[in-house]
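Me: Please take a close look at one part of this model, and set it in the context of the whole chain before going into its surroundings.

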Amino acid sequence: MSQGHDHDSMNPGSMNMSPSDMMMHTSFYWGKDAIILFSGWPNGSLGMYILALFCVFLVAAAIEILSVSPAKIGTGNPRVGALIQTCVYAVRAGLAYMVMLAVMSFNLGIFFAALGGHATGFFLVKVRAPANQNQTASKV
């Protein structure tokens, strides 16, 4: 292999990219022109940006809702219950990493969508917890 090649020419994705295509924000900014999780999404479209905000909101809320696991899973085998809880935990961790990566786009809209989703999910979990406690207390 020739020593005259620089490292960027070895990367097939960098051959036809202009410097503006490779710009990454390192501070928060407003605007619909963001790349969130996948190259080309939401692609500067306002409708797709709103969809991205909605998706991040829902995934963040799901993370909080999945954080509450029942004390006992309704199976007779404790190993099956542990396996189910482990799978739920793995899904929750994967979703949390996806939200973290979306927030690392440094887009304030995405940041606030994630924050709002986490807060909404937490609220829903906390509202449901006293209702569940009241049901179990009335059964006793």
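**A buried glutamate and its setting**

Reply: Of the 140 residues in this protein, which is a predicted model, 19% are buried. The secondary structure comprises 3 helices and 0 strands, giving the pattern α-α-α when read along the sequence. If one takes the contacts between residues at least 6 apart in sequence, 66% of them join residues at least 24 apart, while the accessible surface comes to about 10,200 Å², with 67% of that area belonging to carbon and sulfur atoms.

The part chosen for the close look is glutamate 64, which lies in helix H1, spanning residues 46–66. Glutamate 64 is buried and yet has no salt bridge; the nearest side chain of opposite charge is that of arginine 92, at a distance of 7.1 Å, whereas a salt bridge would require the nitrogen and carboxyl oxygen to be within 4 Å. What the side chain of glutamate 64 does have is a polar contact, at 2.9 Å, with the side chain of histidine 118. Once its neighbours within four places in sequence are set aside, glutamate 64 is in contact with His118, Gly121, Phe122 and Val125, so that histidine 118 appears both as a contact and as the polar partner of the glutamate 64 side chain.

For a second buried polar site, one may turn to asparagine 107, in the loop between helix H2 (78–103) and helix H3 (108–139). Asparagine 107 has a relative accessible area of 0%, and its side chain reaches the backbone nitrogen of glycine 109 at 2.9 Å. Beyond its neighbours within four places in sequence, asparagine 107 is in contact with Phe28, Tyr29, Gly31, Ala34 and Tyr49.

How values were computed:
Residues are numbered from 1 along each chain as its sequence is written. This is a predicted model: local features need pLDDT of at least 70, side-chain atom pairs count only at pLDDT 80 or more; totals for chains, interfaces and linings use all residues. Side-chain values use heavy atoms; hydrogens and water are left out. Helices (H or I, at least four residues) and strands (E, at least two) are DSSP runs, numbered from the N terminus. Buried means under 20% relative accessible area, exposed over 50%, partly exposed in between (1.4 Å probe, protein chains only). Lys and Arg count as positive and Asp and Glu as negative; His and the chain ends are not counted. A polar contact is a pair of N or O atoms within 3.5 Å; within protein, one must be able to donate a hydrogen and the other to accept it, and residues adjacent in sequence count only if both atoms are side-chain atoms. Contact means heavy atoms within 4.5 Å. Accessible areas come from the Shrake-Rupley method with a 1.4 Å probe; for residues, only the protein chains shown count as cover.
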